[in-house]
Amino acid sequence: MIGLAFYRHRLSFNCMKQRRIRKKTRLLVPAPPHRRKAQSFSQQFDEKQPHHQIRKHSLDEVPRSSTFATTEAAVYFDSSDDEFSTGGAIPSEDSFFDGEDYSVVTPPPDVLAGDDRAEPLPEFIGAGGGAGIFKVPVRAAVHPGRPPCLELRPHPLRETQAGRFLRSVACTETQLWAGQENGVRFWSLEEAYVAGRGVGGGVQRGDEDTAPFRESVATSPTLCLVADQSNKLLWSGHKDGKIRAWKMLDDDDSDPFEERISWQAHRGPVNSIVISSYGDMWSCSEGGVIKIWPWDSLEKSLLLKPEEKHMAALLVEGSAIDLRSQVTVNGTCSLSSSDVKYLLADSVRAKVWAVQSLSFSIWDARNKDLLKVFNVDGQVECRVDMPHIQDQQVDDEMKMKFFSGSRKEKPQGFLQRSRNAIMGAAGAVRRVATRSAGAFTEDTRKTEAIILASDATIWTGSLSGQIVQWDGNGNRLRDVNHHHRPVLCFCTFGDRIYVGYASGYIQVLDPDGKLIASWVSHNEPVVKLAAGGGFIFSLASHGGVRGWYVTSPGPMDNIVRTELSQKESSYARQDNVRILIGTWNVGQGRASHDALMSWLGSVTSDVGIVVVGLQEVEMGAGFLAMSAAKETVGLEGSAVGQWWIDAIGKALDENNTFERMGSRQLAGLLISLWARKEIRTHVGDLDVAAVPCGFGRAIGNKGGVGLRIRVYDRIMCFVNCHLAAHLEAVNRRNADFNHIFRLMVFSRGQSLSNAAAAGVSTAAYTLKTTTTSPSIGTEEVKSDLAAADMIAFFGDFNYRLFGITYDEARDFISQRSFDWLRERDQLRQEMKSGKVFQGMREALITFPPTYKFERNRPGLGGYDSGEKKRIPAWCDRVIYRDTQSSPFSKSSLQCPVVSSVIMYEACMDVTESDHKPVRCKFHATIAHVDKSVRRQELGNIIRSNEKIRSVLEDLKFVPETTVSTNNIVLQSQDTVILTITNISTTSKAIFSILCGGQTIVGDDGEESDYNARGSFGLPRWLEVSPAGGIIKPEGSVDVKVHHEEFYTLEEYVDGIPQNWWCEDARDKEAILMVNIRGSCSTTWTSHSIKVRHCYSGRVCLLDTKPANLTKNLGGSRRHPTDTRRGKSR
């Protein structure tokens, strides 16, 4: 009795004290937007504010990768204003809060949110936010951690690209062409800095800020492109098996423009096309098919009028040479039947490489002979067309029962038996599914990219990230590995090799494979690279196109970055959006429409985005086991979950006011997001994620589900969590949060096909989003959540009140004395200690604890009064972090997302569950960049800055070279040595030899017009070796120019040759162009060399019935003296 009296006296004294302090602090605390009973925050405001030491930061302190730490050259790391990053924030000198300690902050009186001038609520900030992955990411007007770039096509929202994804790019010095799912488009580089057309400018969504471009008529998806500079044509290969030619000259005013010619090249998709050293087109497709389209037939078809397209197609289709049939003898083929994914024209040696899954084949471009077949390890294969042997063994676990009673065991409790059943079922299903899925797992040695370097070596990249260098004969020289993600593309400029990765990285290598530079170019895979016009253009899987100056990394980068940053005010923009987050543990029940309206529908009039997280949508051992099994094979969701989504959508007036963006379910956890239609054009790129934290970190009864979305070009992540239960499980709850934060990896979920649509293999995208730890020596693991501009965690966190009894808690709740209860909140204590939700913020709680209630009992009398009498607790919470490095910062491009809470309350009138639903409304001010205006400003800087103009002028330097002769006369089988000498004492010279055209010399010695073959290919009677390479300073190279007799049969009609005379009976003349570049030159010089073949007087009459000629062989046959050719080469 004495103790009870003392307790009552103490309680009365505290209440009187709180009332006195409340009067003193009333002016310090802003009134909430909705009328409530006044609360006391005395204990928090009486606390002495901790002293915060201001720490200086610099970009040099951004964490650097161990891979590149030993590299002396410049290496760039991602800390972007518009990409994901984990760099540290740069606080201002007057920073109030640096993340080292906790704090309670009250907004100044003049801080109001939105047009309705709503007052932000006071917030509690957790400690530990200034270190590691909990740092606020660095943002800037211009990316401080990578070279400045030309955003030719800014990142379009993925939802706008359905049926229009860009797949490939090809570049000339004046144009950039892109193949897309519905045709092709091109940009004139003269207009690269021009502003986009904007909304309502006659372009489709996603292209509002894109530089001016022109599009073709609709076609089947374009898979590959190749530019033919000699004939000003762009050749494209398509999914429907057709090859199309497009005129490069911008003299066709038709919009959209049409193809010049097209024909059915393959039954399946055209995976790759190249033009060989002799001007013939090679194409490949499924089933190991490789076809050659002789230039003579292509040239004739191009001479026909546009209205004769049908005849042109028939002419080309009839000339096809099927290489697979040529190397098939008695039904046995020397080639694998796997798809040929890539072709490479080795113009130095007149060869063509064909790339299949795990093997290569090398062909002679002139006589079309198969020279070598070898695997990715460099081992020669005699025959690789062998069926894949599938493992026919049936896993014993598929025959095992989930519940076995074969052995008598000690009796176990219900919870233990349930746990064992769930773990056994899910584990068995997972193991079986994993082994069964082995047939769908791609070998990481698979080649994804191939390129010819300026030093005449071949480079290939694989899914493992390994890059291999080969010589021209297919001998493996070296391999390097600078990154652990899949290599997807290459391109070369000068003596540099550019590598694009599935991680979004671009790396620059020297001819020896050493790393020169590296930076994150996009936040999605780099699917294609192309060089031209002084740029390296990169295409990301989302469809964004960026141009990187060939001078990067270099002094020009700092000049551009500084100048462009100073013009920030011209392209910086701000928008406001309100976000409503709702969380509710529904306890496996369902809610009425009135309950959902009370919780959500009644407060959405000013909201742009609604995010709802539910817990315990559906539970039970059988459901959890089935959910784990479905997750293993990539499936998720349930009928009950869909009911909830539909019911909430109805409460939000879905389809009229809001549009559903997406959802993710993991067992009993469900998250879904809606966007108001008025801002729908600025919201997209939805990705999903799930991290189980239940039994063995494998079952989804506990864990987190997340959505990541781009809002006004800023990244926001929303994570719905259900953490470990029970009063004493504080450390487990902390560990669950840490597990979710570090391991949550976002992907496109069931819309993964979008990656394939953009040209990324499923394996490459899967490897990009894998959660496995990288090997030693690779880049540090970056958290997807840490890179976001705003993160909101919400859900049933299960933190309880400690050091208080059930009756005491009920008494304080009845008196609404929440300030003292907050001091007993486990979550608040853990955040004070920096053990959980480090550096994140929560509005001060002014509503009663939301757990635990008896169902269908309204009011505060509904708290659990059963046998267990669980102590009420604030289990259901909303905690967030934005880009503020100090409280109440102003939104800018350096601090792009500034949020404040203007509503944080529980809906106590909803009684359908043992938890009360909670809602939290944010006002977010978002600073973003007008990409179109910034591109214009970049163009002005490039054109006007004298230092930049000087740097670009230096790129025009070409080393001085000489050639031993300008005229070469060849008799039959003659060989002449042409010597190219580099006079420069300091610079390397890169040379390439092309044929500017050939002609027939008449009997009177007169020359007709010179006609160029495809891509300046050589005539068949001429061999040049090597046709490219690098000449060291004061060095020289000898080039063999050889005549090789080559006979042709002009026409076949029904298999009967129409002309028996060999074309070689006439004298011919060709113009060789020896093009010279520097190691980083944007221009070149050219030596013109006239090569004439003088016929010796012999006239060859072929046999009336040639034994070794077949129809459609392209009219080529070697002279018997060809055995000498090997020596001449």
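1. Helix axes are lines fitted to C-alpha atoms over the stretch in contact, and the angles between them run from 0 to 180 degrees between N-to-C directions. Helices (H or I, at least four residues) and strands (E, at least two) are DSSP runs, numbered from the N terminus. On these terms, helix α7 (residues 555-566) packs against helix α19 (residues 946-954) at an angle of about 150°, the two axes being 10 Å apart. The arrangement of α7 and α19 is therefore roughly antiparallel, where angles under 35 degrees count as roughly parallel, over 145 as roughly antiparallel, 65 to 115 as roughly perpendicular and the rest as oblique. The crossing of α7 and α19 is left-handed; a crossing is called left-handed if the near helix is turned anticlockwise from the far one by less than a right angle, and right-handed if clockwise.

2. On the basis of the model: this is a predicted structure, in which local features need pLDDT of at least 70 and side-chain atom pairs count only at pLDDT 80 or more, while totals for chains, interfaces and linings use all residues. Residues are numbered from 1 along each chain as its sequence is written, and side-chain values use heavy atoms, with hydrogens and water left out.

3. The protein has 20 helices and 57 strands, and buried residues make up 59% of its 1129 residues. Buried here means under 20% relative accessible area, exposed means over 50%, and partly exposed lies in between (1.4 Å probe, protein chains only). Of the contacts between residues at least 6 apart in sequence, 68% join residues at least 24 apart, a contact being heavy atoms within 4.5 Å.

4. To return to α7: which residues make its contact with α19? They are Met556, Ile559 and Val560 of α7 together with Lys947, Ile948, Val951 and Leu952 of α19. By class, this contact has six nonpolar, no polar and one charged residues, where Ala, Val, Leu, Ile, Met, Phe, Trp, Tyr, Cys and Pro count as nonpolar, Asp, Glu, Lys and Arg as charged, and the others, Gly among them, as polar.

5. Helix α7 also meets helix α18 (residues 931-944), the axes coming within 10 Å and crossing at roughly 125°, which makes α7 oblique to α18. This crossing is right-handed. Met556, Val560, Glu563 and Leu564 of α7 make the contact with Arg934, Glu937, Leu938, Ile941 and Ile942 of α18, and by class the contact of α7 with α18 has six nonpolar, no polar and three charged residues.

6. Elsewhere, the axes of helix α3 (residues 295-303) and helix α4 (residues 309-317) come within 9 Å and cross at roughly 175°, so α3 and α4 are roughly antiparallel to each other. In this contact Ser297, Leu298, Lys300 and Ser301 of α3 meet Ala312, Leu315 and Val316 of α4, and these residues divide into four nonpolar, two polar and one charged.

7. A search of the whole structure finds 31 aromatic pairs, for which rings of Phe, Tyr and Trp (its six-membered ring) must have centres within 6.5 Å, planes under 30 degrees apart counting as stacked, over 60 as edge-to-face and the rest as tilted. One of them, formed by Phe134 and Phe741, is tilted, at 4.9 Å centre to centre and 40° between the planes. Phe134 lies in the loop between β2 (123-125) and β3 (149-153) and Phe741 in helix α12 (residues 730-743), so far along the chain that 607 residues separate them. Both Phe134 and Phe741 are buried. Ring pairs link Phe134, Phe737, Phe741, Phe793, Phe797 and Phe837 into a cluster.

8. Phe837, a member of that cluster, deserves a separate look at its backbone. Phe837 has a positive phi of about 50° although it is not a glycine; its place is in the loop between α17 (826-832) and β41, and Phe837 is buried, with a relative accessible area of 1%. Glu616, in the loop between β34 (609-615) and α10 (621-632), likewise has a positive phi, of about 55°. Most residues other than glycine have a negative phi, and most peptide bonds are trans.

9. Where are the cis peptide bonds to check? One joins Tyr851 and Lys852, with omega about 0°, and Lys852 lies in the loop between β41 (841-843) and β42 (876-881). Another joins Ser1025 and Pro1026, with omega about -5°, Pro1026 being in the loop between β49 (1022-1025) and β50 (1028-1031).
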